Amino acid sequence: MLENIRLSFQGIFGHKMRSFLTMLGIIIGIAAIIAIVSTIKGTNEQIKENLVGSGNNVIHVNLSQNGNVLDLSDGMDTSKLPLIDEEKLTAIKEMDGVSDAAIYRKASLWDNVYCGSTSVSGLTILGGNNDYLSLEGYDITRGRYFIDSDFNQYRNVAILDSDTAYSFFNGADPINGTIEIKGVPYVVVGVVQKRDDYQPVISSPSEWVTYYGNQSSGFILIPDNSWPSIFSYDQPYNVLIKAASTEAMTKVGKDAQDYLNGFITTSAEEDDNAVKYKAEDTLEKAKELQKLANATNQQLIWIASISLLVGGIGVMNIMLVSVTERTREIGLKKALGARRGAILGQFLTEAAVLTSLGGIIGVGAGVGLAYLISKVAEVPVAISMPAILVSFVFSMLIGIIFGLLPSVKASKLNPIDALRYE
């Protein structure tokens, strides 16, 4: 075997240009597949990080009806819905796979939010505490978080996100400024901004629409015990849960929604349209987007595979030429006692070495091409080691499969006829 490999390299380097041109189809095919698979993997990881989070693993459990998240700012009757007290929150925190949890209230306001004469529409009003900000990945950039006396003394204080603060105060310091929510004055005590590791990577307008298009223009967080002073009723809570791992997110969300829905009683007639808690399965959404991306890129892989087929035909062609050129050599070996298996093994080894060498060069070119695409097109890549190993083995198999016919032809040559061949 080692002698066959040595002879194969000797033949390849003895005809450098011909060998390179023969390998070219293999090189192009392998390089294209490696680059595409690496881009697919990188894109899928970006989708997962953007929707699920880079290690934050946060799940929203919201009140929903017919699969749609409810906006309760219109005063919907929620008297039959359970109050999520400390006992229920503690039970959720102790569930398997839960790292932490917080409760909050949420409503959308398209008007009635002012700072002097300035009004901002489409704001989300949140009622919660500092735990909500921590789990959502927000850090204070100005001012302070809520403190115990804000809750104990029922102070009308608010924390704004940076976009809302800029909209109201136009770059001026918002701390100790006053805003009005439905006529109730609130003093701004803090401004927050999402940490970089919680923010999606946006590289195109379509990705902005995917990740930000359905979000409101900003939010205002007030202490949850001051909520009734604005909305005049005790609105139910939503739950924000942090899973211990990304893989646990779907299970944790389902366990929490099932636990909360266990406190809601409905009749058989009401069940279909009942208001129930539903976990936002961002992991499943990420999988759907990944599936869509994979379906598109699979077509590119099949197209790239055509060049491997062309490369295999090129190998077969050049091996047939090699058999013809070396007919007298084959005849001499057979005359000296070489068996059919030895001749067959020599030519199969030469074909396998030729395509394997092309595979190695193709892998290197594919990795380089993947990083080049990443720089030029600003798309993420993640080099796939399984794809590299499969590509290398596949290139070797191409050599064996397409080199089989010329090898069999060489092994079947009649030594007398071969020696007389001119």
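Which helix does A32 lie in? A32 belongs to helix α2, which covers residues 16-52. Before going further, keep in mind that this is a predicted model. A32 has a relative accessibility of 21%; buried means under 20%, so A32 counts as partly exposed. If you measure out from A32 in your viewer, try G366: the two are 334 residues apart in sequence, yet their C-alpha atoms are 6.1 Å apart in space.

From there, let's turn to strand β11, residues 218-223. Six of its six residues are buried, so the strand is largely enclosed by the rest of the structure. Two of its pairings are worth tracing. Strand β6 (residues 123-128) pairs with β11 in the parallel sense, over six bridges. To find your place along that pairing, look for T124, whose bridge partner in β11 is F219. Strand β8 (residues 157-161) also pairs with β11, but in the antiparallel sense and over two bridges. Here I159 is a handy marker, with L221 as its bridge partner in β11.

Next comes helix α6, which spans residues 162-169. Which of its residues are buried? They are T164, A165, F168 and F169. Viewed down the helix axis, these buried residues fall within an arc of 105°, so they line one face of α6. The general geometry helps here: an α-helix has 3.6 residues a turn, so residues three or four places apart point the same way. After α6 comes N170, and its phi is positive, near 50°.

Now for the aromatic rings. Searching the whole structure turns up four aromatic pairs. One of them joins F146 and F151, with ring centres 5.8 Å apart and planes at 85°, so this pair is edge-to-face. F146 itself is buried, at a relative accessible area of 4%. Another pair is Y259 with F263: the centres lie 5.2 Å apart and the planes meet at 85°, so this one is edge-to-face too. Both of its members are partly exposed, Y259 with a relative accessible area of 25% and F263 with a relative accessibility of 37%.

F263 has a further partner to look for, since K88 lies over the face of its ring, 4.5 Å from the ring centre. Where does the charged end of R105 sit? You will find it over the ring of Y237, at 4.1 Å from the centre of that ring.

Note on methods
Residues are numbered from 1 along each chain as its sequence is written. This is a predicted model: local features need pLDDT of at least 70, side-chain atom pairs count only at pLDDT 80 or more; totals for chains, interfaces and linings use all residues. Side-chain values use heavy atoms; hydrogens and water are left out. Buried means under 20% relative accessible area, exposed over 50%, partly exposed in between (1.4 Å probe, protein chains only). Helices (H or I, at least four residues) and strands (E, at least two) are DSSP runs, numbered from the N terminus. Two strands pair if DSSP finds at least two bridges between them. The arc is that of the directions from the helix axis to the C-beta atoms. Rings of Phe, Tyr and Trp (its six-membered ring) pair if their centres lie within 6.5 Å; planes under 30 degrees apart count as stacked, over 60 as edge-to-face and the rest as tilted. A charge sits over a ring if NZ of Lys or CZ of Arg is within 6 Å of the ring centre and within 35 degrees of the ring normal.
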